[in-house]
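Me: Before I rely on the descriptive words used for a structure, I would like to see each one set against its criterion. Could you go through them with me?

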Amino acid sequence: MTPKYQDADSQYSKDPRIRKEDVQILMEWMAKQPHLPKIDEYKVILFFQSCYYRIESAKATIENYYTVRANCPEFFANRSIADVEKPMKSSVAYLLPELSVQGYSVMFAKLIDTNPDHFDCNNLIKYFDMAVSLILRQIGTSEGHVLVVDMEGTSFGHVAKVNVNSARKYVHFLQEAMPVRVKEIHLLNVSAISQTLVNLVKPFLRNDIVEMLHTHASIDTLFDYVPKKAFPKEYGGEGGTIQEIMEKQKQEFEENAEYFQKEEMEIVNESKRIGQAKKAKETFAMSAFDNIKDNNSNKGQLKQEDVKLLQEWLEKQSHLPKISESKLKIFLHICVYNTESAKKFIENFYVIRARWPEFSKGRNILSADFQMHLQTSLTTRLPIETKEGYAILYARLMDTNPDHCDFLRQLKIFDMSAMVCLKTSEFQGTIAIADLNGVSLSHLLKVNLAEAAKFTYYAQKAHNRAMKAVHILSTTQMLHKFFALIKPFATKKMLDKLHLHQSLDSLHEHVPKEFLPNELGGQVGTLKELHEKHIKLLRDNADFLEELEEDKADLSKKTEKRQDLDNISGIDGSFRKLDID
C-alpha cells in the first residue's frame, strides 16, 4: 500500500509555530537566488522547522543543502533503484514505528551482509540518504531525530574500505545541510574494530554532536532511550522481522522512483550564482587543523584560559605566523596541555621549517615527480588504535630498488603523512613502526648525513612530542646498521623509546599482531591495499599540504640565534663516513 505523504497544509496544522508568513519570506528569498532550484512549499517548511523557526538559519541551510548536493555526485546523482540495489540487499536503514522515550523520530541502521567484499562506502551513503529523504517525505517535521546504528559485524575489511574524504563530506552535509534536528546517536555492539570506524568520523563532528553519542555493549541499555517494542523481532521487539522491513522498503523505493529522479535534479546551478561561483573544495574547506575538538578523553585538561594564554604570547612573537585557535588546541593536545611545552613546540615547529626549507618546501603531492616517489614507499596510519588510544604509524619501502630511492623525498612524505594524520584524527599518542625489510646497504649508502641529522632533530623537537614508542623491524643485518645511522643524533629520551626487533614475534610482544598489515600476521589489510588508500588520502589533502608549506616563521624578524640549529646544519657527509661494521 502506498504510504501517505505529508504536504504543506498538514505541517501548518501540526505545528502552529510554523507561520505561513515566515515560510513565504523564505520562498520569496529563494525566488531571488537564480542559482537555487525551485522547490515546493513543503520542503521549505522542513528547512524552517529544522532550524528552530529561524529564517536566516534556514537560508544558510538551504544554501548548504543544494550546494553540497551539486558538489557530491557520488552521493546525490544516479539515484535509481538499480543504483542502490546492492546496498539495499546488504544493509537496512529505516524509520522505527515508535517514537523514542523523549518523543523523537528514530532511524535504525545496520549491515545485513557483513562480507567486506560487498561493502561500498559511497553507495551505502547514497542508499542511506535516499532512505532519509523518503522518511522526511513520509513523516514531515519532527521535534527531534534519533539515529541507532548496530555495528555488529564490522571488521578490519570494512575499515580499510571507508573513504575518509567521503565520510567528511557526508558528515558536513548531515550537520550543516540536512533538514533534521539530531538529538541522539546510539551505537550498538561497539567493538575495538568498530570503534575505529567511529574514530575515523569523530574528528569531523561538531562538539554538540559528539556529546550526543552513546555507545552500548548490549541492547538492554539502549531500551532506556528507545522502547523495546519499536525494534525488529530479532531484537525482541514488535516491529516485524528485518526481512519483512527490507521487502517493504524496497516496494516504497520503487513507488518513489520518480520522486528520487526529480530530487536528483534539485541542485544549485553555479553558472547562475550572483557573485563568484563556489567550487567543491570551498564547500568542504577545512583549514589545517580546523577539525580538532574538545571531545577527547582529556577533555577536562583542555582549558580555554590556556588557549588565551598562548594567543597573548603569540602576539609578542613577531616572527611567528598567525595561528588559529584550532591549531593551538592541537599543539596543547600534543604537549599534554602544558602551555610552556606548547610554546617551545610552536617555536621549534615554525622556526625549523623555515630554517631547513629542504623539508618544508616543494610539497606538491599532485606533481608527476611526487607521484612517482609515492609508489616507492608506504607511510600510513594503520586503521586501528591501541587500547590506550595511540595511533600507529607504519612505514616501509614498497619498491626496494635502490636506484628509485630518494632519501630526502621519503623524509618529506613521512612528514606529510604524519601531518595529515594529525589533521584527520585525534589520539592520545603515537607508536611508529619502521619496517626495514627490503632495505639494503645500497639504500643506506645513499643517505645524506646532514639530512638525517636535521630530520631526526626536527622529529624530536618539532614533530609529535606524544610519541610513545618507535619500533624498528628487520630480519637482516640492516637493523643495526640503521641504528648506527640515527643513534648519534637521537636524544636519550628518544633512545629510551626505541625498540629493535629481528623477528615478528618480538614486535608482536609490543604491538598486537591483529593491528598490523596482513603480511605481518595482522588483519588490517594487505600492504597493497594500505598503500593505495594512503596515496589517495594524501591526494585528497593536497590543498592542506600546500597551505602547510607556507606556514613557517619569518626568520628576518627573529633576533635570537639558534646555536643548536647551527650545530646541526654544520654536519656534512654521507652514511659512507659512518663506521657500520
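**Terms set against their cut-offs**

Reply: Let us start with a helix contact in this predicted model: Gln 304, Asp 306, Val 307, Leu 310, Gln 311 and Leu 314 of α16 meet Glu 325, Leu 328, Lys 329 and Leu 332 of α17. By class, this contact of α16 with α17 comprises five nonpolar, two polar and three charged residues.

Me: What makes α16 roughly perpendicular to α17?

Reply: The axes of α16 (residues 304-315) and α17 come within 10 Å and cross at roughly 110°. Angles from 65 to 115 degrees count as roughly perpendicular, and therefore α16 is described as roughly perpendicular to α17.

Me: Why are α17 and α18 called roughly perpendicular to each other?

Reply: Helix α17 (residues 325-334) and helix α18 (residues 339-355) have axes that come within 9 Å and cross at roughly 115°. The range for roughly perpendicular is 65 to 115 degrees, and α17 and α18 are therefore placed in that class. The crossing of α17 and α18 is right-handed. On the α17 side the contact is made by Lys 327, Leu 328, Phe 331, Leu 332 and Ile 334, and on the α18 side by Thr 339, Ala 342, Phe 345, Ile 346, Phe 349 and Tyr 350. Sorted by class, the contact of α17 with α18 has nine nonpolar, one polar and one charged residues.

Me: What makes α17 a mostly covered helix?

Reply: Nine of the ten residues of α17 are buried, a word kept for residues under 20% relative accessible area. The buried residues of α17 are Ser 326, Lys 327, Leu 328, Lys 329, Ile 330, Phe 331, Leu 332, His 333 and Ile 334. After α17 comes Val 336, which has a positive phi near 55°. For the protein chain, buried residues make up 56% of the 581 residues.

Me: Why is α4 called roughly antiparallel to α9?

Reply: α4 and helix α9 (residues 164-176) pack at an angle of about 155°, with their axes 9 Å apart. Angles over 145 degrees count as roughly antiparallel, so α4 is given that description with respect to α9. The crossing of α4 and α9 is left-handed. In this contact Thr 61, Asn 64, Tyr 65, Val 68 and Arg 69 of α4 meet His 172, Phe 173 and Glu 176 of α9, and by class there are three nonpolar, three polar and two charged residues.

Me: How do you know that Cys 51 is buried, and what puts Cys 72 in the buried class?

Reply: The cut-off for buried is under 20% relative accessible area. Cys 51 has a value of 8% and is therefore buried, and Cys 72, with 0%, is buried as well. As for cysteine pairing, the structure holds zero disulfides, where a disulfide would require a pair of cysteine sulfur atoms within 2.5 Å.

Me: Why does Pro 97 count as exposed?

Reply: The relative accessibility of Pro 97 is 53%, and exposed means over 50%, so Pro 97 counts as exposed. Pro 97 lies in the loop between β1 (91-95) and β2 (105-111). Leaving aside neighbours within four places in sequence, Pro 97 is in contact with Ala 230 and Gly 239. Pro 97 and Lys 229 are 132 residues apart in sequence, and their C-alpha atoms are 8.9 Å apart in space.

Me: What makes Asn 189 partly exposed, and why is Arg 355 counted as partly exposed?

Reply: Partly exposed lies between the buried cut-off, under 20%, and the exposed cut-off, over 50%. Asn 189, with a relative accessible area of 25%, is therefore partly exposed, and Arg 355, at 28%, also counts as partly exposed. Asn 189 sits in the loop between β4 (182-188) and α10 (192-201), whereas Arg 355 is in helix α18. The C-alpha atoms of Arg 355 and Ala 553 are separated by 8.5 Å, although these residues are 198 apart along the chain.

Me: Which value of phi does Asn 189 have, and what is the phi of Tyr 53?

Reply: Most residues other than glycine have a negative phi. Asn 189, which is not a glycine, has a positive phi of about 60°. Tyr 53, also a residue other than glycine, has a positive phi near 65°, and Tyr 53 lies in the loop between α3 (41-50) and α4 (55-71).

Conventions:
Residues numbered from 1 in each chain as written. Predicted model: local features only at pLDDT ≥ 70, side-chain atom pairs only at ≥ 80, totals over all residues. Heavy atoms only, no water. Axes fitted to C-alpha atoms, helices over the stretch in contact; angles between N-to-C directions. Helix = DSSP H or I, 4+ residues; strand = E, 2+ residues; numbered from the N terminus. Parallel < 35°, antiparallel > 145°, perpendicular 65-115°, else oblique. Left-handed = near helix turned anticlockwise from the far one by under 90°. Contact = heavy atoms within 4.5 Å. Nonpolar A, V, L, I, M, F, W, Y, C, P; charged D, E, K, R; others polar. Buried < 20%, exposed > 50% of the residue type's maximum accessible area, 1.4 Å probe, protein only.
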